[in-house]
Amino acid sequence: MATKSLKKQGSDLAKSNKQLEILSNGIFQNGELPTFKNKISESNQFPLKAKTLEILQVNVGYMCNQVCEHCHVDAGPDRKEIMTQETMQQILDVIKTTGAHTLDLTGGAPEMNPNFRWFVEEASKIGIKDFIVRSNLTIIRANKKYYDLPDFFKKHNIHVVSSMPHWTRGKTDKQRGEGVFDMSIKALQELNAVGYGMPDSNLKLDLVYNPSGAFLPGDQAAMEKDFKKALMEDFGIQFHNLFAITNLPIARFLDYLIASENYEDYMYALVEAYNPNAVKNVMCTNTLSISWDGYLFDCDFNQMLELPVNSKAKHISEYNEELLEGRNIVISQHCYGCTAGAGSSCQGSVA
Amino acid sequence: MQKTYYDPADLRKFGKITEWSEELGNKFFDYYGKVFEEGALTAREKSLIALAVAHTEQCPYCIDAYSKDGLQRGITKEEMMEAIHVGAAIKSGATLVHGVQMMNKINKLDG
Ligand code: SF4
Ligand code: SF4
C-alpha cells in the first residue's frame, strides 16, 4: 500500500503528460492494438458527442485520509488542492440554470473540504433529484468531528456511494490500507443504524466494487449477490446496489500496472473486452466534471489527465450550455476502461 | 527471454484455432461457452471446478485463465487453493486406488 501520493514522491507518473505518453505509445503506436479512436470509428461512434447535461460531478479536492494503492486521483493526506467557497457558489449558480438532475460530490474525501457542509446545505436547497456523496467510509470514523456524518447525510437526504474492494479483510486492506476494512464495516453499520441501506429505505446506500489488482470486474449482479450475502452473514450489514467499476489505467493504478509488469496484459484485456454497445452510454456523454479550481472536464479521469473540455467554455465561471452541448468528447486509450465488458461508469455497468 | 514450449501470449491466440478447421473449432467454442453458463451449478462453482481440473491436467494456459477468472468473480485465494487440493486429492486417490489392481495381480501371480 502506498503511503504518499505520486505527486509527493516526485514521481514522473504524477505528471499527466507522462501518463498520456505511456498510454499513447508502445502497443498502440506500433499497431499491435487499435487506438480507442480507431476502435469506436469502426462502429461510426467517433467523434463521441456530449448529449444533454444530466450529471454534474464536482471534485471538491484531492485531499484524502486514505492513500489507496489504485487511486486514479492520486489523492492522499499530502494533497492540498481544495475547492474554495467562491467556486462552490459559482457551481450553485450554474445548477440553478441547468436541467442537471444529479449532483455527484467526489474527491479525495469530499468531507475533508472545510466548506463541504456549507456546500451540501446550500445545494440541497436547490432541489436536486439525486444528490450523491462519494464517501470512502473510513472518514466517518477517522476523527470525532466526522462522527455525525451519518446524521448529516440523513438530514439532507444524501445518496451515499462508497467503495468496498471486497467482503474480506485481506483484500480490502491490501488495496486501501491496514485497518480500512474494520473501519469501513463500522461505518457501514452506523449508516445502517440511522436507516441507510435498508431494503425499504429512501436513504440510498450503494457500494462500489473495483478489482484489487490487474483484472477486470466480474458480472455486477453476481458480485452484488456475493457481497450482500457475505456482509449480511458476517456483519449484519445491508446496502442497496453494488456498482462494479473497471480500474482505469491512470495515476496510481497505472503506476501499479507498470511496476507489477501488468500494463500490457491489462491493456490487451481491456481491448479484448471492448464492447461497442457500451460506448453510447459512457458517462461523459451526459456528465460534466468540475475540478477543485473550477475547470470543466468530460469526466474525472480526463480531469486527472488534464484533458480539458473541447469547448470555448473552459471554466465554471464561463459555463454556457450552448457551447458545451454537442461538444466532441476528448478521448484517449484510457477510455477503453469505460467500454470493456458490460462497460463501467460511476454508476457501474452501462451495457 | 529464454524460449520455452509454452508462451503465455499464446493464450490470447486460442481463438485462432478455428482458422484451420472452422466448423469443429466453432462447435468446440459453442460447447465450451454453453458449459460455463450459469446452470444447476453457479458460474462461480464452475470456475472453481475448472481451476482444479486445470491443475490436474497441468495446463498452464488454463491455470492462468482460471486464476484470473476466479479473481474477477471475487473468489478468494483460499477458496482457489482448496479447490486445487480437491483436484490433488482425487488425482492421488486415483493413483493409489490402482494399487488394488497391483495387489490383485501380485496375489494372483505370487500368491
Ligand atoms: S481511492 Fe478514494 S479513498 Fe482511496 S485515496 Fe483515492 S480518493 Fe481516497
Ligand atoms: S474515460 Fe472519460 S472521456 Fe473516456 S470514455 Fe470514460 S468517461 Fe468518457
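Why are A:Glu224 and A:Lys228 separated by about one helical turn? The two residues are 4 apart in helix α10 of chain A, which spans residues 220-235, and therefore lie about one helical turn from each other. Their side chains meet in a salt bridge, with an N to O distance of 3.5 Å. Over all chains, a search of the whole structure finds 23 salt bridges. The structure is a predicted model, and the values below are computed from it.

**Contact between the chains**

Between chain B and chain A there are 2 salt bridges. B:Arg44 forms a salt bridge with A:Asp226, where the closest N and O atoms are 3.3 Å apart. Polar contact, counted where both residues have pLDDT 80 or more, links 4 residue pairs between chain B and chain A. On the side of chain B that touches chain A, helix α3 (residues 60-72) of chain B gives the largest share, 3 residues. By class, that side of chain B holds 2 nonpolar, 3 polar and 4 charged residues.

The size of an interface is often expressed as the accessible area lost when the parts come together. Here the area buried between chain B and chain A is about 950 Å², and carbon and sulfur atoms give 53% of that area. In chain B, the residues that lose the most area to chain A are B:Arg12, B:Leu71 and B:Gln72, which together make up 54% of what that side buries. In terms of contacts, 9 residues of chain B touch 16 residues of chain A.

**Cavities and pockets**

Rolling a probe the size of a water molecule over the atoms shows where empty space is left. The count comes to 3 cavities of 30 Å³ or more. Two of the spaces found, the largest cavity and the second largest pocket, are set out in the table.

| Space | Volume | Lining residues | Classes in the lining |
|---|---|---|---|
| Largest cavity | about 690 Å³ | 36 residues | 15 nonpolar, 17 polar, 4 charged |
| Second largest pocket | about 460 Å³ | 25 residues | 11 nonpolar, 7 polar, 7 charged |

Of the residues lining the largest cavity, A:His72, A:Val73, A:Thr106, A:Ser163 and A:Arg176 lie nearest its centre. In chain A, β3 (130-135), β4 (159-163), α8 (169-176), α11 (251-259) and α14 (300-304) each supply at least two residues of the lining of the largest cavity. The largest share of this lining comes from β4(A), with 3 residues.

For the second largest pocket, the lining residues nearest the centre are A:Tyr62, A:Arg79, A:Gln303, A:Met304 and A:Glu306. At least two residues of this pocket's lining come from each of α1 (6-9), α2 (16-24) and α14 of chain A. Helix α14 of chain A thus appears in both descriptions, with at least two residues in the lining of the largest cavity and at least two in the lining of the second largest pocket.

**Backbone features in loops of chain A**

Most residues other than glycine have a negative phi, and most peptide bonds are trans. Among the features that depart from this is the peptide bond from A:Phe46 to A:Pro47, which is cis with omega near -5°. A:Pro47 sits in the loop between α3 (36-42) and β1 (55-59) of chain A.

The peptide bond from A:Gly107 to A:Gly108 is also cis, with omega near 25°. A:Gly108 belongs to the loop between β2 (102-106) and α5 (116-125) of chain A.

A:Asp74, a residue other than glycine, has a positive phi near 55°. The loop that holds A:Asp74 runs between β1 and α4 (85-97) of chain A.

Conventions. Residues are numbered from 1 along each chain as its sequence is written. Chains are lettered from A and ligands numbered from 1 in the order in which they are written. This is a predicted model: local features need pLDDT of at least 70, side-chain atom pairs count only at pLDDT 80 or more; totals for chains, interfaces and linings use all residues. Side-chain values use heavy atoms; hydrogens and water are left out. On a 1 Å grid over the protein atoms alone, a cavity is a set of points where a 1.4 Å probe fits but cannot get out, and a pocket is an open set with protein on both sides within 12 Å along at least five of seven lines; lining residues have an atom within 4 Å of a point. Grid points are joined across faces, edges and corners, and a volume is the space filled by probe spheres set on the points. Ala, Val, Leu, Ile, Met, Phe, Trp, Tyr, Cys and Pro count as nonpolar, Asp, Glu, Lys and Arg as charged, and the others, Gly among them, as polar. Contact means heavy atoms within 4.5 Å. Buried area is the accessible area (1.4 Å probe) that two parts lose on being put together, summed over both. A salt bridge is a side-chain nitrogen of Lys or Arg within 4 Å of a carboxyl oxygen of Asp or Glu. A polar contact is a pair of N or O atoms within 3.5 Å; within protein, one must be able to donate a hydrogen and the other to accept it, and residues adjacent in sequence count only if both atoms are side-chain atoms.
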